[in-house]
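Trainee: I would like to work through a protein structure step by step, with you checking my reasoning as we go. Could we begin once the sequence and the model are in front of us?

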Amino acid sequence: MIRNTVPLAGVILLAFAAAGHAAEKVKVVTTLPSYAAIAREVGGERIEARSISRPDEDAHFVKPKPSLALMLKDADLFVTTGLDLELWAPTLVDKSGNRRIRDGQPGFVAAAQGVHMRDVPANASRAAGDIHIYGNPHIHTSPINAKVIAANIEAGLERVDPDGAAFYRDRLAAFRARIDEALYGKELADLLGGEVLDPLAEQGRLIEFLQRERYDGHPLIDSLGGWLGRALPLRGKKIIAYHKNWIYFTDLFGLQVVDYVEAKPGIPPSSRHVHELIREIETGGIRVLLSATYFAPDKPRAIAERTGCRVVRVPLEPGGQEAPDYFALIDLWITRLLEAFGEGG
């Protein structure tokens with residue numbers, strides 16, 4: 001009897017120990033699904049990450065409901081863009097009563113810190129629509145920015161869970177390496193690394209540099225793979241976008257956004273603007289309209305029926321069936337655009 005009881009007691013103790021370990025996970029709450037996805041990459045099994053906004057939801061217009069404030073009540077780390085995208089976030093933090101995640105506290109992370117901002121307006125007048133005074137806040141659409149976001153999250157995790165510092169640093173390094181390989185291909189990433197390639201890519205000089213420079217008797221462009229290599233046929237292609245939420249992605253991959261369905265950000269298009277847009281698409285030979293899935297499909301569909309252009313409707317955030325994680329999201333955008341332009345996928 002005794003021999004049978006001891007192992008059972010051990011099993012029970014291990015079960016309690018496992019439950020205790022699970023309960024000790026760092027609770028991360030983010031405003032956007034992309035930040036939660038990146039936090040999981042960095043935090044691994046030491047954290048649990050949840051997003052307040054859903055993958056199919058426009059993050060500009062989340063209602064700060066009490067149920068969302070409850071998500072923050074026991075959060076150890078709160079990740080938000082830190083600009084003026086999620087204007088509902090401070091209200092939720094106030095309602096949660098959790099002082100540890102207020103701006104300036106160890107549990108607060110501004111994901112955009114260190115990102116090179118685009119679309120910073122010279123004039124912040126509301127007459128121009130829903131203007132973001134600090135620049136375009138849709139930073140996660142560039143994989144290069146994803147590395148900056150990951151570093152900010154890693155720093156936050158170290159603050160609230162210093163015992164896991166080495167673990168988080170290792171996972172951040174692995175995430176950066178994985179992004180570099182996915183973006184540039186393994187050969188080029190191993191040869192030059194993100195420290196050399198990222199500034200060139202962000203400045204729009206990477207392709208010209210790779211075409212000019214040679215290594216081992218071959219132009220470096222022959223070593224370009226990954227997302228940028230796959231997307232080479234997209235460079236210089238003109239598209240219409242529904243809203244100004246793709247600028248970091250289109251700049252990185254060389255697409256040219258010539259106009260928007262929204263004449264002014266955040267304001268539904270007028271009939272007059274849609275008519276002008278149709279004429280612009282027809283005269284300019286524009287073949288693709290890019291829209292996030294949280295916008296109603298009616299206007300893009302009507303424009304496509306009148307002009308013959310193809311509508312690419314894709315999720316802006318990861319987390320759904322089509323794009324369960326950040327890497328799948330970027331894959332999906334590139335595949336759908338290549339298909340729309342008849343360049344395969």
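Trainee: In which loop is the place of H138?

Mentor: Before we start, keep in mind that this is a predicted model. The chain has 13 helices and ten strands, and we can place a residue by naming the elements on either side of it. For H138 these are a strand, β4 (108-110), and a helix, α5 (143-160), and the residue lies in the loop between β4 and α5.

Trainee: Is H138 buried or exposed?

Mentor: A residue counts as buried when its relative accessible area is under 20%. H138 has a relative accessible area of 4%, so H138 is buried. Leaving aside neighbours within four places in sequence, its contacts include H60, L85, H243 and L316. With the cut-off applied to that value of 4%, the word for H138 is buried.

Trainee: What is the volume of the largest cavity, and which residues lie nearest its centre?

Mentor: The structure holds four cavities of 30 Å³ or more, and the largest of them is lined by 14 residues. By class, that lining is made up of six nonpolar, four polar and four charged residues. The volume is about 80 Å³, and the residues nearest the centre are L32, A59, H138, L316 and E317.

Trainee: Which helix gives the most to the lining of the second largest cavity?

Mentor: The second largest cavity has a volume of about 50 Å³, and its lining divides into two nonpolar, three polar and three charged residues. The residues that line it are H116, R118, S142, N145, E202, Y248, D251 and L252. To find the helix, compare these names with the residue range 247-253, which contributes three residues and belongs to helix α10.

Trainee: Which helix gives the most to the largest nonpolar core?

Mentor: In soluble globular proteins, nonpolar side chains tend to be buried together. Here the largest nonpolar core has 90 residues, and V28, L157, Y184, F253 and I303 touch the most other members. The helix that gives the most to this core spans residues 326-340 and supplies eleven residues, and its name is α13.

Trainee: How many residues are in the second, separate core?

Mentor: This core is separate from the one we have just described, and M71, A89, L92 and F108 are included in it. Two of these names, A89 and L92, will come back when we turn to helix α4, where both are buried. The number of residues in this second core is 15.

Trainee: Why do the buried residues of α4 line one face of the helix?

Mentor: In helix α4 (residues 89-96), the buried residues are A89, L92, V93 and S96. An α-helix has 3.6 residues a turn, so residues three or four places apart point the same way. These buried residues pack against α3 (66-73) and β3 (77-80). Seen down the axis of α4, they line one face because they fall within an arc of 100°.

Trainee: What is the phi of D119, and what is the phi of D216?

Mentor: Most residues other than glycine have a negative phi, and most peptide bonds are trans. D119 is in the loop between β4 and α5 and is partly exposed, with a relative accessible area of 36%, whereas D216 is in the loop between β5 (214-215) and β6 (218-219) and counts as exposed at 65% relative accessibility. Each of them is a residue other than glycine with a positive value, and phi is near 60° for D119 and near 55° for D216.

Trainee: How far apart are the C-alpha atoms of F341 and A122?

Mentor: F341 lies in the segment after α13 and is buried, with a relative accessible area of 4%. Not counting residues up to four places away in sequence, F341 touches several others, including L234, K237, L255 and V288. F341 and A122 are 219 residues apart along the chain, and their C-alpha atoms are separated by 34 Å.

Trainee: What separation do the C-alpha atoms of D163 and P121 have?

Mentor: D163 is in the loop between α5 and α6 (165-184) and is exposed, with a relative accessible area of 74%. Along the chain, D163 and P121 are 42 residues apart, and the separation of their C-alpha atoms is 42 Å.

Notes:
Residues are numbered from 1 along each chain as its sequence is written. This is a predicted model: local features need pLDDT of at least 70, side-chain atom pairs count only at pLDDT 80 or more; totals for chains, interfaces and linings use all residues. Side-chain values use heavy atoms; hydrogens and water are left out. Helices (H or I, at least four residues) and strands (E, at least two) are DSSP runs, numbered from the N terminus. Buried means under 20% relative accessible area, exposed over 50%, partly exposed in between (1.4 Å probe, protein chains only). Contact means heavy atoms within 4.5 Å. A nonpolar core is a set of buried Ala, Val, Leu, Ile, Met, Phe, Trp, Tyr and Cys residues joined through side-chain atoms within 4.5 Å. On a 1 Å grid over the protein atoms alone, a cavity is a set of points where a 1.4 Å probe fits but cannot get out, and a pocket is an open set with protein on both sides within 12 Å along at least five of seven lines; lining residues have an atom within 4 Å of a point. Grid points are joined across faces, edges and corners, and a volume is the space filled by probe spheres set on the points. Ala, Val, Leu, Ile, Met, Phe, Trp, Tyr, Cys and Pro count as nonpolar, Asp, Glu, Lys and Arg as charged, and the others, Gly among them, as polar. The arc is that of the directions from the helix axis to the C-beta atoms.
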